[in-house]
2 protein chains.
Amino acid sequence: MRPTVHDIAAEAGVSLATVDRVLNNRPGVRSVTRDKVERAIAALGYVRDVAAANLAKGRTYPLIFILPAGENSFMRGLEAEVRAAMARSAAERTDITILSVPAFDAPALAAALLDAREQRPAGVAVVAVEAPEVAEAVKRLREDGIAVVTLVSDLPGSERDHFAGVDNIAAGRTAGSLMGRFLGGREGPVAVLAGSMLVRDHCERLEGFRAVMSEDFPGRRILPVVEGQDNPALVETLVDTLLDKHRDLAGIYSLGAGNRGLVSALEKAGRAKAICAIAHELTPHSRAALVTGTIDALLNQNAGHEVRSAIRVLKAKADGLSVIAAQERIRIDIFLKDNLPVEQA
Amino acid sequence: MRPTVHDIAAEAGVSLATVDRVLNNRPGVRSVTRDKVERAIAALGYVRDVAAANLAKGRTYPLIFILPAGENSFMRGLEAEVRAAMARSAAERTDITILSVPAFDAPALAAALLDAREQRPAGVAVVAVEAPEVAEAVKRLREDGIAVVTLVSDLPGSERDHFAGVDNIAAGRTAGSLMGRFLGGREGPVAVLAGSMLVRDHCERLEGFRAVMSEDFPGRRILPVVEGQDNPALVETLVDTLLDKHRDLAGIYSLGAGNRGLVSALEKAGRAKAICAIAHELTPHSRAALVTGTIDALLNQNAGHEVRSAIRVLKAKADGLSVIAAQERIRIDIFLKDNLPVEQA
DNA sequence: GAATTTTTGATGTACGTAAATCAAAAATCC
DNA sequence: GGATTTTTGATTTACGTACATCAAAAATTC
């Protein structure tokens, strides 16, 4: 059987109360006694029963998630995952609130962060927009002892505790590698479609993509980036123009959202099969396009994993514990039509 | 606050003892009373506090993992993950034992299963070899009320409770898709290297690979399968022969283990860059080969996920609970040199 | 060495559930 | 309607930890 506090008390020859004082860093223990207890803990290999401890403490973690509003499928999926986590809140001793802010709007985001601060949560998870006022707001939260985790899109240089998201430079590189290889010897330039250069994840994907293209496929011409604001209608118009202007277009890398617009533009023009399209995020729309062949490969970050990781990290930080970075790393999934996960109900 | 058994008792107007009888299916409750309690549970949205319940029960789950012996890197990684789970056993209330059997040896595996049965565990996880005697042994375990999960390689048609592994047909299809696209218009046949056709996972990968090649890339010639027994030395000899015999070889799909042999044969022959190699499982060796470019793509199943899923399922089955299949689905990871996870310490 | 402060022990309650016992009440049978 | 069986209530103990209180013992100070 696994040792308990009683066993430690017996082993160390002290009372239960003293063991408790040592375990929970309560004052009033001589250092010799403390040593005795710590030796007993080490000797028996005692580990606190977290379930029993949480039960006794009855502690809960009030957390706030700040997510962009709008019809972006990925973000709505992310929100669904947060709601799923809310359903588990009883078991996980969390108390989660969702705050919605306009997409790509730094002032609104900063205001929402300060709003969140008023509620004195244990932690805040936020899909960041890169701006000084946002970084400043994050700093204020941290000063109040509120843990802050950036979600999906990071805010480097700020004082956030952790970033729960994928390595977007690697994602861009992967997209570049796939694009280069899929195109093989085929002629023609490649277009890049982003949401907004205000968010870090998009910038990084672009950086990674360009790096691989120039290193490994230097002959391929990359057209200037087009920003679609993650808005399907705008994206469709932009792609219409691209297709019209570049009759020899070989590939499109869509590194943001708004895939619906991309897909309908390609299909409308009858160039879905001819053009190699690589996009991000597995949503019902992008999934369908992958199956029909309009999209050739999808890079995905698992929103569920990201949300669960953010919660784990926030709880740990709120308790002043460190996290095992490797364990919280979010992987980049690559989906072809052949390895799509079965659709969930 | 979340409702407790006391709240249900009050709401239903019965005693705590009666609530307990209903919750734990104990006898001696009239159906009218049972209904009353169940309505109260539904009305209050009561969910059992699993942590508290486990604490009170003090239940542990004795589990046995049966793994193939030998120097197969993937299997050793799998074993390491099982050992990691053993380290967590206190927190998870499991008591895990590992049994090692020779690889691809059905009689030995069947004997090990019956051995495991003698220890009356709550559940057994096994890397299956497909043979009637193995299926028969699994049946005996199930008759004794022992939960059985196949791990990595399945045993379809047997009475196992669950398969914790990837969809290997999809994995083979994915490999085929990548191979076809990476080769593009390049000339030359493709070789296929397996471990043994005695294990289901290898058969299925081959099936998926051949299906995609004939559907999507019908012009490409696929050479007859070569079996390397997951043995690096044997694999190297076989690949030497292949390279010698087919001077125009365009690609190699290695669907089993023994990547070390494949890599050294390719590099020795100076044809590492010219031949498109797709292999399975991320190990230190295959990782290095991916970085240098000898291997072009790696398909991977995350051994840690598989082990943890197997344990969750075994615990649930031991308690007679059902599992959410979608939640236990293991994904197929695709790694290129650009999206390799950072090496862990 | 007496007074004071610090350290330690003993004990009890709480968290939410499981499981058992015994008595009381209600339903069923003849 | 009395005897019997079934159902329900009341109460207790336990799981492993947290946390509080009060008294006793030990160490420190003057």
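Which polar backbone atom is 3.2 Å from a base oxygen of DNA strand D? The legends below walk through this predicted model, and the first view answers the question.

**View 1. A base of DNA strand D meets the backbone of chain B.** Here we look at B:A56, whose polar backbone atom is 3.2 Å from a base oxygen of DNA strand D. This residue falls within helix 4 (50-57) of chain B, one of the elements that supply at least two residues each to the surface near the strand.

**View 2. Two phosphate oxygens of DNA strand D with polar partners on chains A and B.** On chain A, a polar side-chain atom of A:Y46 sits 2.7 Å from a phosphate oxygen of the strand. On chain B, the partner is a polar backbone atom of B:R30, with 2.6 Å between it and a phosphate oxygen. For anyone setting up a contact list, these make a handy pair to view together: one contact uses a side chain, the other a backbone atom.

**View 3. The protein surface around DNA strand D.** In all, 29 residues surround the strand, and the closest are A:Y46, A:R48, B:T18, B:R30 and B:T33. Of the strand atoms that come within 4 Å of the protein, 71% belong to sugar and phosphate. Chain A brings helix 1 (5-12), helix 2 (16-23) and helix 4 (50-57) to this surface, while chain B brings helix 2 (16-23) and helix 4 (50-57), each with at least two residues. Helix 4 of chain A gives the most, with 4 residues. Sorted by class, the surface holds 12 nonpolar, 8 polar and 9 charged residues.

**View 4. Chain B against chain A.** Each chain puts 32 residues into the contact. Together they bury about 2900 Å², with 53% of that on carbon and sulfur atoms. On the chain B side, B:R181, B:R331 and B:D338 lose the most area to chain A, and together they make up 23% of what that side buries.

**View 5. Charged and polar pairs between chain B and chain A.** The interface has 8 salt bridges. One of them joins B:D296 to A:R181, with the closest N and O atoms 3.1 Å apart. Residue pairs in polar contact across the two chains number 10, counting those with both residues at pLDDT 80 or more. Among the chain B elements that give two or more residues to this side are helix 6 (89-92), helix 10 (200-216) and strand 11 (332-335). Helix 9 of chain B gives the most, with 7 residues. By class, this side of chain B has 14 nonpolar, 6 polar and 12 charged residues.

How values were computed:
Residues are numbered from 1 along each chain as its sequence is written. Chains are lettered from A and ligands numbered from 1 in the order in which they are written. This is a predicted model: local features need pLDDT of at least 70, side-chain atom pairs count only at pLDDT 80 or more; totals for chains, interfaces and linings use all residues. Side-chain values use heavy atoms; hydrogens and water are left out. A residue is near a molecule or strand if one of its heavy atoms lies within 4 Å of it. A polar contact is a pair of N or O atoms within 3.5 Å; within protein, one must be able to donate a hydrogen and the other to accept it, and residues adjacent in sequence count only if both atoms are side-chain atoms. Ala, Val, Leu, Ile, Met, Phe, Trp, Tyr, Cys and Pro count as nonpolar, Asp, Glu, Lys and Arg as charged, and the others, Gly among them, as polar. Contact means heavy atoms within 4.5 Å. Buried area is the accessible area (1.4 Å probe) that two parts lose on being put together, summed over both. A salt bridge is a side-chain nitrogen of Lys or Arg within 4 Å of a carboxyl oxygen of Asp or Glu.
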